Structures are given as C-alpha cells and as structure tokens.
Amino acid sequence: MSFVEIRPATVEDVPHILNMIKALSEYEKLAHEVVATVDILKENLFGQRRYAEVIIAYGKKTEDSPVEPAGMALFFHNFSTFLGRPGLYLEDLFVYPEFRGTGIGKRLLTQLAVIAKERQCGRYEWVVLDWNEPSRKFYEALGAKPHAEWIIHRVEGKALDDLAAM
C-alpha cells in the first residue's frame, strides 16, 4: 500500500460511508436490512445530536492510482457501570476487498484503541458474526477475547413499538 490516510469523517464523506455500509451488509448477507440513506446518516452522524462517529481510511491501490475510500470504522460510546467509565463500542469495521491484507483494518482498530485511551474508556468492544472465522481470528490475534457467555438481545420494529406502548 503506497498511501493510506486515516482521519475523522466529515459530512462530505457520508455518501462513501453509506456505500461501505451497503458493501458490509452484502458481505454479512444482510443487505435486505439496510434502510439508511445519506440524509439519515447526515442527521445522525453530523446533526445537532451526534449519535456515532466514523474514522475513514483513504488509500491508493498503486502509486499511480487516485486516492479513494478504502475502509471505515463507525463507533460510539457506551458505559460500564461496573467500571464507572465510558466504553468505546465499534459498530462496524469495513475495508473494501481490494484493500484487505494491506494493514488498513488493523490501523483502523489501532486508531480506535488510541481514541479509547485518550477518552479514558475502560473497554473497547464489538461483536462479530459467529460464521465470520477470518474476522474472529484477526481480532483474537490483536488481543480481543470472545465473551461467549453474553447473549445479545434486541427489540426492533413492531416489537419496539409494542414495548414502548406498554
């Protein structure tokens, strides 16, 4: 990889962020679940209340190639009551296939670790699909430990509407 720049995303990056979300959803076999739009992302990432942040990697495939989006990490803060400190939660990590194996994914994860330390986070965590063995091995090689004893629960759609109406 001849050039890589990792920086906080700006509102101008939102179309690229959406494209990467869609590409990730295809890889995860979840494209049917994507309803995000440029406008929705602009409002929630760069509006009056910012719910999440993104760091984005730009790279060149070759020395003579133009600089283009290569990957991103979308994250936000959660809170550990046991630690009494914020945590950093990685929602999505994505690197385009043509940039995989160049160290961009590791650099994105490392940059988030730096952000977590700067913000005095007590932990940095994420989930990975159980069938995604390459990613699981990659994360564990970086020191991440799986916590199989925790089961994710989710309320969405009509179930969320029903729960809110109780």
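## The second largest pocket

In this predicted model, the lining of the second largest pocket mixes three kinds of residue: 10 are nonpolar, 1 is polar and 4 are charged. That lining is made of 15 residues. The pocket holds about 170 Å³ of space. Strand E1 (3-8), helix H2 (38-46), strand E2 (53-60) and helix H3 (104-118) each give two or more residues to the lining.

Which residues lie nearest the centre of this pocket? They are Pro8, Ala9, Glu53, Val54 and Phe75. Two of these names come back in the strand pairing: Glu53 stands opposite Phe75 in E3.

## How the strands pair

Start with E1. This strand pairs with E2 in the antiparallel sense, over 6 bridges. Val4 has Gly59 in E2 as its bridge partner.

Next comes E3. E2 and E3 are antiparallel too, with 7 bridges between them. Ile56 is bridged to Met72 in E3. Glu53 and Phe75 are another facing pair between these strands.

E3 then pairs with E4 in the antiparallel sense, over 10 bridges. Here Phe75 stands opposite Leu90 in E4. So how many residues sit between the strands in the hairpin of E3 and E4? There are 4, and Gly84 in this hairpin takes a positive phi near 70°.

Do E4 and E5 run parallel or antiparallel? They run parallel, joined by 3 bridges. Tyr89 stands opposite Glu125 in E5.

A general point helps when you look at strands. In a regular strand, side chains alternate between the two faces of the sheet.

## Covered strands

E2 is mostly covered, with 7 of its 8 residues buried. E4 is mostly covered as well: 8 of its 11 residues are buried.

## The largest nonpolar core

The largest nonpolar core has 36 residues. Which of them touch the most other members? Ile17, Ile104, Leu108 and Leu112 do. The elements that each give two or more residues to this core are H1, H2, E2, strand E3 (68-80), strand E4 (85-95) and H3.

Take Leu112 as a closer look. Leaving out residues up to four places away in sequence, Leu112 touches Ile55, Ala73, Phe75, Leu88, Leu90 and Tyr124. Phe75 is also one of the residues nearest the centre of the second largest pocket. Phe75 and Leu90 also stand opposite each other in the pairing of E3 with E4.

## Leu88, a buried strand residue

Leu88 is found in strand E4. Is Leu88 buried or exposed? Its relative accessibility is 0%, so Leu88 counts as buried. Residues under 20% are classed this way.

What does Leu88 touch, apart from residues up to four places away in sequence? The list includes Phe75, Phe76, His77 and Asn78. Leu112, Ile115 and Ala116 are also among its contacts. So are Cys121, Arg123, Tyr124 and Glu125. Glu125 is also the residue that stands opposite Tyr89.

Trp150 lies 62 residues from Leu88 along the chain. Their C-alpha atoms are separated by 17 Å.

## Ser25, a buried helix residue

Ser25 is in helix H1. Why does Ser25 count as buried? Because its relative accessibility is 6%, below the 20% limit. Leaving aside neighbours within four places in sequence, Ser25 is in contact with Leu30, Ala31 and Val34.

## Two loop residues with positive phi

Lys29 lies in the loop between helix H1 (14-27) and H2. Lys29 is not a glycine, yet its phi is positive, at about 60°. Is Lys29 buried or exposed? With 59% relative accessibility, Lys29 counts as exposed.

Gln120 sits in the loop between H3 and strand E5 (123-125). The phi of Gln120 is near 60°, again a positive value in a residue other than glycine. Gln120 has 51% relative accessibility, so Gln120 counts as exposed. The cut-off for exposed is over 50%.

Note on methods
Residues numbered from 1 in each chain as written. Predicted model: local features only at pLDDT ≥ 70, side-chain atom pairs only at ≥ 80, totals over all residues. Heavy atoms only, no water. 1 Å grid on protein atoms, 1.4 Å probe; cavity = no way out; pocket = protein on both sides within 12 Å on 5 of 7 lines; lining within 4 Å. Points joined across faces, edges and corners; volume = space filled by probe spheres on them. Nonpolar A, V, L, I, M, F, W, Y, C, P; charged D, E, K, R; others polar. Buried < 20%, exposed > 50% of the residue type's maximum accessible area, 1.4 Å probe, protein only. Core = buried A, V, L, I, M, F, W, Y, C linked by side-chain atoms within 4.5 Å. Contact = heavy atoms within 4.5 Å. Pairing = 2+ DSSP bridges.
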